[in-house]
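Trainee: I would like to take a close look at a single part of this structure, and I would be glad if you could walk me through it slowly.

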Amino acid sequence: MKNQNINYNQDYKYGFTTEIENIKAPKGLSEKTIKFISKIKKEPKWMLDWRLKAFNRLKVSKEPDWQKPKFPKIDYQNLYYYSAPKSMKDKPKSLDEVDPKLIETYNKLGIPLNEQKKLSGIAVDAVFDSVSVATTFKDELTKKGIIFCPISEAIQKHPDLVKKYLGSVIPISDHYFATLNSAVFTDGSFVYIPPNTKCPMELSTYFRINASETGQFERTLIIADKGSYVSYLEGCTAPMRDENQLHAANVELIALDDAEIKYSTVQNWYPGDKNGVGGIYNFVTKRGACRGKNSKISWTQVETGSAITWKYPSCILQGDNSVGEFYSIAITNNHQKADTGTKMIHLGKNTKSKIISKGISAGKADNTYRGLVDIGRKALNSRNYTQCDSLLMGNKCGAHTVPYIKNKNSSSTIEHEATTSKINEEQLFYCNQRGLNQEEAVSLIVNGFCKDVLQQLPMEFAVEAQKLVGISLEGSVG
Amino acid sequence: MLNFKINSNAIEKIGNFNAKEKEFRLKNLDSFNKNGFPNKKSEDWKFSDLREIVSKNFKKLDLKVVKTDAQKIKFIQEFDHNYIIVTNGELTSSNFKFEEKNKIKVQNYLNNNFINKQENNPLINLNHALSDKGYFLEVEENYKLKKILVIYNLYTNNLNQNILNCKNKIKIGKNSELHILEYTINRSKKNFFNNIYENVVLEQSAIYKNICIYNEKSFGYFHKYSSNKLDTKSSSTFFIFPSGLKFNKLDLEFDLNGENSECNLQAASYLNHDDHQEIKTRINHFAPNCKSFQKVKNVLDSESKGIYQGKIFVKDIAQKTDAYQLSKAILLNDDSEFNSKPELEIYADDVKCSHGSSSGSIDEDSIFYLMSRGLNRQEAIKLLVEGFLSEITNEIKSNSIKNFIIGKLEEQLHEHKKN
Amino acid sequence: MLEIKNLKASVDGKDILKGLNISIKPGELHAIMGPNGSGKSTLANVLSGKEGYKISGELKYEGKNLQEIPIEERAQKGIFLAFQYPTEIPGVNTSNFLRTSLNKIRKAKGKKELDALSFIRIIKEKSNELGMDEKMLSRQLNVGFSGGEKKKNEILQMKILEPNLIILDETDSGLDIDALKIVAEGVNSSRSDKKSFLVITHYQRLLNFINPDFVHILSNGKIIKSGSMKLAEDLEKTGYKGIK
């Protein structure tokens with residue numbers, strides 16, 4: 001593995017590489033590659049056909065170019081679409097059979113997988129490049145009828161559920177990167193919560209990109225059946241490399257009648273070095289459908305990593321009285337770029353949505369909130385409240401707000417507020433006078449600025465996220 | 001679907017132009033023909049699909065130069081004013097009896113700026129290609145007009161499926177002040193299209209105030225692009241009451257080029273039937289210590305559609321910018337629609353920028369309160385709508401002008417209800 | 001403790017302090033009175049190290065030149081400013097903030113940082129002493145506090161952080177008589193032969209409760225008269241115009 005040219009960046013503590021022997025798909029994007037992935041995953045024919053359908057669609061679709069962060073052309077033929085540790089070829093039956101190097105990697109990341117050490121109250125699916133390494137707490141969950149497993153396993157064991165819901169929220173033809181994902185997705189998590197079940201613990205997937213020149217195409221599908229509840233967490237890191245790596249995930253959520261899904265992300269992919277070399281292109285499609293009445297989907301994201309982040313976790317509020325929420329913190333420093341936000345599509349009656357977005361831009365970074373609130377003609381008595389606040393540190397960075405607001409009936413109300421300002425000098429002075437230095441003061445004030453979002457995170461994540469907020473901005477105030 | 005390609009001999013029919021101008025016009029005509037009327041695929045026209053609107057309402061668009069005979073108009077009696085009369089876009093009369101001679105210049109406008117800046121608005125292309133009339137108004141340095149100038153924009157009753165392309169320019173010299181009331185009188189009962197390109201230049205410490213109102217409901221389809229350039233310490237204030245047309249898009253751009261310049265824009269409108277109205281503003285903060293303020297209020301009835309797209313851009317050197325924008329809409333009918341896109345693009349950190357946008361139904365508690373005091377529902381709504389819009393009219397300083405505007409708005413509201 | 005000689009300060013070329021002298025020994029309480037615009041708040045800001053002032057003259061705290069020390073180190077060395085208008089910091093929990101601040105100052109003094117439990121014990125005790133509602137501590141720092149609550153919060157911080165030199169910048173302004181008494185009690189109960197106070201105020205009111213050792217009158221950037229509490233009483237009768 002070539003990693004001589006790494007610019008060691010002390011601030012990014014997850015930047016190490018695991019030396020491990022890999023099996024890779026042939027380089028490049030072709031029918032052959034797709035067949036390779038499908039075969040190695042032992043997929044049924046319907047799945048391969050689905051992938052090929054997406055691939056055919058991809059041939060006639062174009063990369064979108066309306067987003068603010070522009071990026072150099074990606075050479076799709078120069079990427080690996082599948083990379084997995086050799087030891088994972090024959091799926092280990094238990095954790096004892098998993099390569100200790102992999103276990104060690106997750107230990108280093110603070111995600112112990114061992115039975116004795118595993119995190120209490122959180123079931124983890126650990127995805128390493130293109131495969132799921134291990135899933136903890138499986139037995140406990142199975143007792144309640146909850147399915148939590150790698151999606152590749154679900155395709156084999158629960159084909160009816162996968163067939164019914166995969167692509168039902170993000171159609172194959174949605175847009176370039178969603179189509180690409182549909183053709184070549186490798187692994188990710190599958191969750192099914194049966195009716196009237198409250199998932200007893202947090203479910204979580206930890207994504208790790210390790211191999212170089214490899215794209216990660218995760219696919220996650222979460223179905224909350226009638227009257228159920230689940231809270232799902234997602235974390236991500238990658239080694240420091242001077243190449244840009246592509247992460248193009250599709251995440252679909254489906255909430256049926258009276259069900260609730262809470263989806264939290266702490267995204268800390270490698271952001272590139274101080275000069276903007278390297279880093280992950282995080283082009284992600286996340287969408288949830290509130291299909292049933294009284295259902296609820298809530299997205300919370302803390303986006304601090306990636307060279308370019310480009311994602312709009314959205315809610316389609318189909319069921320009457322359904323609720324969509326989006327809480328976001330996006331921090332960009334150095335040369336990072338983020339274009340993120342949400343879409344709230346109100347179709348059912350009495351639907352409600354809430355958007356709280358906090359953007360912080362420092363260094364030479366660019367941070368855009370882009371969002372759509374669309375209240376349809378038939379979505380009577382619906383409501384949206386949006387608040388977008390941006391904080392700028394220094395005058396080499398940019399903060400932008402691009403909301404699209406559509407109200408198509410007179411019984412619905414939309415409120416949108418946005419502010420942009422710099423970090424308040426008086427607040428800094430006050431903190432300094434109480435003995436805090438500049439960086440501590442900034443971290444404290446920014447955490448306060450983000451509080452409305454941070455408090456949405458599950459406890460275990462909130463503490464980590466708060467630290468991350470401080471670390472991400474280190475060196476940003478002169 | 002109306003296929004609206006324009007033959008290049010349309011330019012020759014307007015007049016004989018020198019090579020430079022001819023090239024400029026031809027190039028712009030090419031651009032227009034390439035794109036046609038913009039549709040919703042174009043970001044700036046996302047909410048106003050003009051191609052569809054034109055196809056739906058025009059069987060043809062007549063490029064013929066419209067004959068305009070001098071016509072009598074009813075002058076405003078409520079306050080003293082200077083005036084110019086612009087008939088179908090052409091300057092036909094002017095009177096500055098309240099002012100010193102030689103301080104104000106007014107003449108037919110001839111464009112002499114043929115720099116080929118790539119315009120991405122097809123209607124500007126169209127105007128550059130075919131504009132054949134307009135006025136140029138200039139106030140010399142150090143002169144404050146004593147009375148307001150009323151521009152009577154008269155559209156004659158022989159307009160039918162015509163398209164007009166006019167180009168106007170207003171220049172206000174150093175330390176000078178000009179107040180304008182743009183008053184549109186529309187006599188045509190037929191559909192016609194009016195495409196205006198306007199250039200406003202404010203020199204150092206110049207003050208410009210503009211109030212614009214449409215006298216009666218008409219079948220006009222109007223598009224106006226206005227470029228406003230503000231030098232140091234200059235200030236520009238707009239009060240816009242844009243309702244009364246079938247389609248109206250005002251695309252207003254303000255470049256705050258000099259330090260301490262400021263612009264203030266307020267709009268109030270009441271739309272009904274299938275009126276379609278869009279206000280688009282772009283405020284460019286190019287210099288430090290500038291202020292901008294926009295407040296847009298819409299009341300939407302029947303199947304009307306209101307749009308506000310407002311962008312605030314702050315360049316990195318434009319520190320201490322103070323920018324505020326607010327749009328509010330009341331929807332009175334489930335078939336009405338309000339869309340907005342309040343946008344911020346900010347590259348300087350020591351700024352105060354914020355925007356707000358809200359839309360919703362009229363407050364039921366307020367209706368209930370008024371009805372409990374003896375008003376019927378209709379009256380209660382009318383009172384609340386007037387109150388909602390009066391926040392804008394109340395900002396007009398001159399009492400006589402304010403009362404005149406309020407009167408006109410009431411007529412509009414009343415007339416709309418009747419229809 | 002504090003030695004100021006010929007202190008001059010200006011903002012954007014405008015002179016505000018024009019040669020101010022004052023000397024404060026440990027255990028003393030000095031009051032500075034002055035009309036609006038005399039430079040009272042500037043003095044408080046300059047002492048705590050706020051940026052934006054052009055400063056000349058001598059400014060010594062415990063024998064060290066203050067001008068070379070940044071704001072937070074001054075705080076860590078025991079200079080405490082009770083703000084005239086305490087800043088609101090949204091999203092930041094009052095009690096967390098206080099703990100962070102206290103631990104920074106303890107650490108600088110070489111003391112052990114306090115764990116959450118012992119901190120809560122201290123904060124409860126001190127807020128009870130001041131008759132403060134404990135609920136205030138779980139609210140966001142100064143956000144939505146009434147004027148009186150903000151000032152009480154400043155006094156609470158003063159008690160908890162145990163500074164050596166305490167500057168009260170018009171802490172009495174806008175307080176009703178009950179709140180004023182609480183502030184005064186807070187000051188009186190903190191007095192010791194090691195702590196010094198500089199009380200900046202417009203009115204005599206607060207001084208009646210705290211018995212200053214010295215009273216100075218600040219006018220147009222200079223101290224024009226110094227004396228005892230009697231000077232404050234005279235001032236109340238004649239007004240600032242009477243003192244020349």
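Trainee: How many bridges join β7(A) to strand β9 of chain A, and do the two run parallel or antiparallel?

Mentor: Keeping in mind that this is a predicted model, we can begin with the pairing you ask about: six bridges join β7(A) to β9(A), which spans residues 229-237, and the two strands run parallel. To place one point of that pairing in the structure, find A:L203, which stands opposite A:Y232 in β9(A). Strand β7(A) also pairs with β3(A), residues 122-128, through seven bridges, and these two strands run parallel as well. Here a useful point to look for is A:V124, whose bridge partner in β7(A) is A:S204.

With these neighbours in view, we can turn to the surroundings of the strand itself. In a regular strand the side chains alternate between the two faces of the sheet. In β7(A), one side holds A:E202, A:S204, A:Y206 and A:R208, while the other holds A:L203, A:T205 and A:F207, and they are all buried, so that both faces are covered. A residue is called buried here if 20 or more other C-beta atoms lie within 10 Å of its own. Seven of the seven residues of β7(A), which covers residues 202-208, are buried, and therefore the strand is largely enclosed by the rest of the structure. As you trace it, then, you can follow β7(A) from its bridges with β3(A) to its bridges with β9(A), and then check that both of its faces are covered.

Conventions. Residues numbered from 1 in each chain as written. Chains lettered and ligands numbered in written order. Predicted model: local features only at pLDDT ≥ 70, side-chain atom pairs only at ≥ 80, totals over all residues. Buried ≥ 20, exposed ≤ 12 C-beta atoms within 10 Å, placed from the backbone. Helix = DSSP H or I, 4+ residues; strand = E, 2+ residues; numbered from the N terminus. Pairing = 2+ DSSP bridges.
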